[in-house]
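Let us walk through this structure one region at a time. Keep the sequence and the 3D view side by side as you read.

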Amino acid sequence: MAGGGGGGISPLGPAPPMWYHRDLSRAAAEELLARAGRDGSFLVRDSESVNGAYALCVLFQKHVHTYRILPDDEGFLAVQTSQGVQPKRFKTLPELVSLYLQPSQGLVTTLLYAVDREETAISDDRDYSDGEDEKPPLPPRSASTSTPPGPDTPTESAPAANGLSTISHEYLKGSYALDLEAVKQGACALPHLNKTLVSSCKRLNGEVDKVLSGLEILSKVFDQQSAFMVSKMIQQSVNQGGDQELENLVTKLAILKDLLSSIEKKALKALQDMSLSSPCSPPPLSMRHSKAIPVQAFEVKLDVYLTELTKIGKSQKYTLSVDVEGGRLVVMKKVKDSQEDWTTFTHDKIRQLIKSQRVQNKLGIVFEKEKDKSQRKDFIFASAKKREAFCQLLQLMKNKHSNQDEPDMISIFIGTWNMGSVPSPKSVASWVLCRGLGKTLDEMTVTIPHDLYVFGSQENSVCDREWMESLRAMLKEQTELDYKPIAVQTLWSIKIAVLVKPEHENRISHVGMSSVKTGIANTLGNKGAVGVSFMFNGTSFGFVNCHLTSGNEKIARRNQNYLDILRLLSLGDKQLSSFDISLRFTHLFWLGDLNYRLDMDIQEILNYINRKEFDPLLKVDQLNLEREKNKVFLRFAEEEISFPPTYRYERGSRDTYVWQKQKATGMRTNVPSWCDRILWKSYPETHIVCNSYGCTDDIVTSDHSPVFATFEVGVTSQFVSKKGLPKSSEQAYIEFESIEAIVKTASRTKFFIEFYSTCLEGEFKKSYENDSQSSDNVNFLRVGWSNKQLTTLKPLLSEIEYLQDQHLLLTVKSLDGYESYGECVLALKSMIGSTAQQFHTYLSHRGEETGNIRGSMRVRVPSERMGTRERLYEWISVDKDDTGGPKGKSTLVTRVGHEYVKPSVVRKQLGELGKVSEEGERTSKEETTARPKQDAPDGDPSISKNSYNNPAYYILEGVPNQSAAALSPELLPSPTSANPQGALEMVAEATFPKPRPLYPDLAEVRIPAASPAAPLALGEGFRRGGGPGPGPGSGALDDQSCSVLQMAKTLSESEFPGQPPRAPSAPPPLRGQPMGIGLDACRTFPPRNPIPESIAEDMPEEALWGSSSSSLSVGESSVGEWLQRLGLERYEQGLLHNGWDDLEFLSDITEEDLEEAGVLDPAHKRILLESLRQQQQQQPQK
């Protein structure tokens, strides 16, 4: 409860009035007032900007006006007034409100109609009704220090967190009268009160004993006198009881206070004495290296380029041997008569790895042959998993033999497991080695140690010290390394433990820990979350392990659990308190038993599981559905799920799901579900790849299976400038030309922007108030800042190598209450250059999307500080193939590195239609082998940055297609804007369960001018997003989805300031199925180019993107289309898998090659070979 009055009087009076809504969010308060709809409607809530303050919210003429109520030094409350106006002071909130119920008191209107809070029944909070817990368990005894044998803490009928008030109430109700009677008869003691106090403090007594027991060991080492007193007190506590028990507790607390205040000084003195008398000790054994990685061999086939067509016959077989320890790659070619031709390349001669995006087992390797000359060879691996293992080993080799002092990339293991209140089995090796079901690691790389291990557990009955030691022993057994514990945080039986490789221990700093209870009435810790945060060199990490409310029908309660954790978990930089934890870290990982269930009949679920058909189940997964609605985990990512539901198994087996349980209230059904999940959210333009996501199938002690995931994550070092602090002539600047935001609010106050970044000096920088403001809709407000209102920011260091890793956090705040209306994060990397770049991203607050923001900015870096270097994770890039992609799809290229391309060719093909710029050109062999390590010249305005493989960049993304289908034009704001121009594109959110790693750079968004017809085309695009008419999903929109569409429409109606006008163009023709952007479910409105549907659906990728390369195939543009014409499309996957992915190569295919690709029917082989022969004969005629 916020605030505290002076003189012992509560600021809320005897009982909280119904118009006081506690910690209600600003957005929720506006919704309640809008629902009330009458001028003079009001409520009071806690202030979001000042602890202990309140906010009085009043509705007048459809706008919400907010007044801050601040406590003074004496605890009196007053409404914040203009300078020079004497405030009126009150002891309580009800007194203050009663004054403003009277007319003419200075508010915009008299307070007339109180909007009462909605009280929820206590029974709704009970979240242990599905068999997870018969009753909420008491918190387990656990201590981070060793505890010698002693008296157990009494646990029978121990009171809950509010137990003291319950026992006191019972005393006042009953025993109080007996004590009163005794005093009347002359008694000097109150035996019943003493008994009540002893009972109330029973758990406190036990906790003090545990702490004293733990400190006893330290005392014996550093302070013998205190150790004697502690031992004596512990011994006395065993024997004493009755009347002396309370007095004994007070004495123990006094000793504990003295001990804690003195032991550190005595320990320091003892260690100083030891350091003077003892020689330096040798380094510990734990610093030794892990066991050597053996040489690994991969069987591959050579994939030949067009320029080498004369040489090809049958696919050539090679062996690639990776010697990580020796830093060598041996390429061995198998020749006739069992002879072998081999070439050795050292790690520095391997210039780049290029992954094919469409053929998942294809990899290009660029070798350095001579000085400034290189050669690329493409290989086909046995499987995509083998290709990933090969890349991982080569990255490890590069890293091992790098001359860099600090790592560019680390690997992270994350595991979550609901242990079912049973100790773990002796071996859980499959969990830590990612063996089991789903996306698993290849056996060649499964034993390579990760840099960080994060273990989240729920219903874990093991004490902290024992749990940590078991994890360390398990890692020691698997890796031969002594991993160092970074942190253990516990809330009852919810635990998170973080361990790090010994070599990284000194790279970890700023460790923080926190927990949040979300159990019954948010006071019990049987449900809730624990979190750990820290810095790894210059990169911030956050990890949250949670156990949310159980029960199939408790979706809203789980959503609220998530929002409470997001807001209340105290982790990360304290200067970022304006931001929730989803924006405080470069990388945030969220794991645990989220308890979301499947909304489907049990028999259907079991049938799908038996057939290993998970897609239909993932479409009814509650977490996926809630994420689609933007209710939870806004802009988080999750790897594709390809393993069966992890709950609720029969203990002792993984063959049977137990889905029924007899309860006192009747039969309870727990359908099999993916309760246990791992999600993440990263800053834009950072590197993160999920290499595995699955569950074990051999750990059977719990009714949940352990879940694992591994990540490859880019990290930055603590940058040290070689040129020292910048002089004024060498200073970099962050300059804004203009910023415009649309916020979801009924308020009409003024706003300012705060800028936060670790690259700026001081806590934050602030803009002036907005100088433009308009609204086409009562629920949204457009605000703008011109250049003169925006501050030029000066980074601490001016090197481009430093700045390209930095991010800028923005929060839009109101002048009336200094409360945030939305926050966002921008990457500086895309903004570096002399030409201003445009950015455009969403705003969020308290986990809800609240608007969007766009602007124009540049980061000016002096030429003498432009030097940079290639990062290890940039060494691997992702490339599309020159051949046509699958029918009806357009492949979005994403590269891990800094390859900047000029999308001018793409723009020419698209005419003047706006689009999200992407890399539409394939990097040639020459460009690939000589990749630029520095930025392109600043003066070229056509250069834009590439996409990154992390999902933090979304453009008004997140609207479910079915909701968009139901949207009618009247729901959108009026199109009669003062300057109706442009049609802003929108990328709709991927339908689950597909992973969503590919999104365009916000720096590449171009907001075009267009004819007045353009807004109409946008509306049509929205309507067709989910089909031609009402369908299964075309019910009522939820408020957030609608708001995003409204904001998109509002923003699209005026051209961005400072952008030159363009020639108008006609809207594109409608198509029933918009093209994807790399994933089937991603939609782009409007379609990217005006190619008619009948042609575009069947054109190869080059034609859609305007690529300059031409196709030599006859009749068809892809292998898939050729096979479809012949009626043999069933063989497409086998041919592509074996590297036959282009019609130009197929002319030399043999019967043996066809058999290897799965074509075993002799008649089908003849059809295919005859078709190829005919096409080859037609070739010269072309």
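Start at strand 32 and strand 33 (residues 820-827), which pair in the antiparallel sense over 7 bridges. Keep in mind that this is a predicted model. Within the pair, Leu 808 stands opposite Leu 826 in strand 33. The two strands form a hairpin, with 5 residues between them. Look at Tyr 818 in that turn: its phi is positive, at about 55°.

Now turn to the other partner. Strand 28 (residues 751-756) is joined to strand 32 by 6 bridges, and these two strands also run antiparallel. Here Phe 751 stands opposite Ser 814 in strand 32.

How many residues of strand 32 are buried? The count is 8 of 8 for this strand, which spans residues 807-814. Both of its faces are covered. On one side sit His 807, Leu 809, Thr 811 and Lys 813. On the other sit Leu 808, Leu 810, Val 812 and Ser 814. Buried here means under 20% relative accessible area. Lys 813 and His 807 meet that cut-off along with the leucines of the strand.

Move next to an open sheet. It has 7 strands, in the order 14-25-26-13-15-17-16, and the pairing is mixed. Strand 14 (437-439) and strand 16 (484-491) stand at the edges with a single partner strand each, so one side of each has no neighbour in the sheet. Neighbouring strands of this sheet are turned by 10° against each other on average, direction ignored.

Follow the edge at strand 16. It is joined to strand 17 (residues 494-500) by 7 bridges, and the two run antiparallel. Val 488 stands opposite Ala 497 in strand 17. What lies across this part of the sheet? Helix 10 (residues 464-479) does, crossing strand 15 (452-458), strand 16 and strand 17. The helix runs at about 40° to strand 17.

Finish with helix 11 (residues 555-568). Its 14 residues reach 20 Å from the first C-alpha to the last, close to the 20 Å expected at 1.5 Å a residue. Its buried residues are Arg 557, Arg 558, Asn 559, Asn 561, Tyr 562, Asp 564, Ile 565 and Leu 566. An α-helix has 3.6 residues a turn, so residues three or four places apart point the same way. Which elements do the buried residues of helix 11 pack against? They pack against strand 18 (508-517), strand 19 (528-536), strand 20 (539-547), strand 21 (587-593) and helix 14 (622-628).

Key: Residues are numbered from 1 along each chain as its sequence is written. This is a predicted model: local features need pLDDT of at least 70, side-chain atom pairs count only at pLDDT 80 or more; totals for chains, interfaces and linings use all residues. Side-chain values use heavy atoms; hydrogens and water are left out. Two strands pair if DSSP finds at least two bridges between them. Helices (H or I, at least four residues) and strands (E, at least two) are DSSP runs, numbered from the N terminus. Axes are lines fitted to C-alpha atoms, for helices over the stretch in contact, and angles run from 0 to 180 degrees between N-to-C directions. Contact means heavy atoms within 4.5 Å. Buried means under 20% relative accessible area, exposed over 50%, partly exposed in between (1.4 Å probe, protein chains only). The expected span of a helix is 1.5 Å times one less than its number of residues.
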